[in-house]
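Reader: Hey, got a minute to walk me through this one? I'd like to start with the sheet and then poke at a side chain.

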Amino acid sequence: MLSIIHDLKFIENFSKKNIQDETVAKAFEQLKGKFDGNLDDYKRLSSYLTHEQKNAIAILRANLELEENETGNIKILDRLTDSIDDILTLSNNTGNQVSETVDVSLVCAEVCDIYRKSYPALNFQFDETETTLIYGRDRWIYRAVSNLVDNAVKYGENKAIDVSVAKKGSIIVKIKDRGKGIEPTVQANIFNHKYRINGLKQDGYGIGLSVVSHVCDLCQGFVYVDSEKGRGSTFYLTFPSL
């Protein structure tokens, strides 16, 4: 990975001013744009590995040294597995056309069933008569929804969490908690990968929101948040329906 980044940086630092032919210079700029995108992907994956997987492995090692109970170690291994799934999601290229179909309601139901075992105050609602199919991949939608539900559980202050799927032209997934909320000055940046990697994690939402945003890009959708400090947050995922 380091060698790839080195090669991409060489191209990144090479200026079109060094090319005399205008046609060649234009083609070079287009090629450089593609390399710039790949460089950002590799930087993102590298930083994610550093910040998430190494931390999980370090905690697991410490627990094993202390001969902690098996359940605690399993939870940490689950976290490590989740981070690997996030990496696989981030590694997908938004430029590729996806022809697979995903039933968003089924994926959300699966996520809620898992979290409801430890958080009974999690409610899920959808209209069984509506078709909620989109282009994408099950794993992408699962990672996006589970990351948002996981945040709601962590920071929802043990209050009710509502997850719903509706078809209103587009397919809209809504995750609402009634926890501490997000500062207005922070909301504009929480989906920004560079913001997460710079260590500004006071809000506690982690790099998982970058994954959510990336999934929306992959599926030609978007994500936004409505939050008020002290009154909770509502995240919306919107995808083009089939």
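Author: Sure. One term to begin with: two strands pair if DSSP finds at least two bridges between them. Also, keep in mind that this is a predicted model.

Reader: OK. So which residue in strand 4 is the bridge partner of leucine 122?

Author: Isoleucine 161 is the bridge partner of leucine 122.

Reader: And in what sense do strand 2 and strand 4 pair, parallel or antiparallel?

Author: Parallel, over 5 bridges, with strand 4 covering residues 161–168.

Reader: What's the strand order in the whole sheet?

Author: The order is 2-4-5-7-6, in an open sheet of 5 strands with mixed pairing. Strand 2 (122–126) and strand 6 (222–228) are the edge strands, and each pairs on one side only. On average, neighbouring strands here are turned by 15° against each other, direction ignored.

Reader: Which strands does helix 4 lie across?

Author: Helix 4 (residues 104–116) lies across strand 2, strand 4 and strand 5 (170–176). Relative to strand 2, helix 4 runs at about 165°.

Reader: Switching topic: glutamine 187, buried or exposed?

Author: Buried, because its relative accessibility is 18% and the cut-off for buried is under 20%. Glutamine 187 sits in helix 6 (residues 184–187).

Reader: What does its side chain have for polar company?

Author: A polar atom of the glutamine 187 side chain lies 3.0 Å from the backbone oxygen of isoleucine 182.

Reader: And which residues is glutamine 187 in contact with, leaving aside neighbours within four places in sequence?

Author: Those are Ile182, Val225 and Ser227.

Methods. Residues are numbered from 1 along each chain as its sequence is written. This is a predicted model: local features need pLDDT of at least 70, side-chain atom pairs count only at pLDDT 80 or more; totals for chains, interfaces and linings use all residues. Side-chain values use heavy atoms; hydrogens and water are left out. Helices (H or I, at least four residues) and strands (E, at least two) are DSSP runs, numbered from the N terminus. Buried means under 20% relative accessible area, exposed over 50%, partly exposed in between (1.4 Å probe, protein chains only). A polar contact is a pair of N or O atoms within 3.5 Å; within protein, one must be able to donate a hydrogen and the other to accept it, and residues adjacent in sequence count only if both atoms are side-chain atoms. Contact means heavy atoms within 4.5 Å. Axes are lines fitted to C-alpha atoms, for helices over the stretch in contact, and angles run from 0 to 180 degrees between N-to-C directions.
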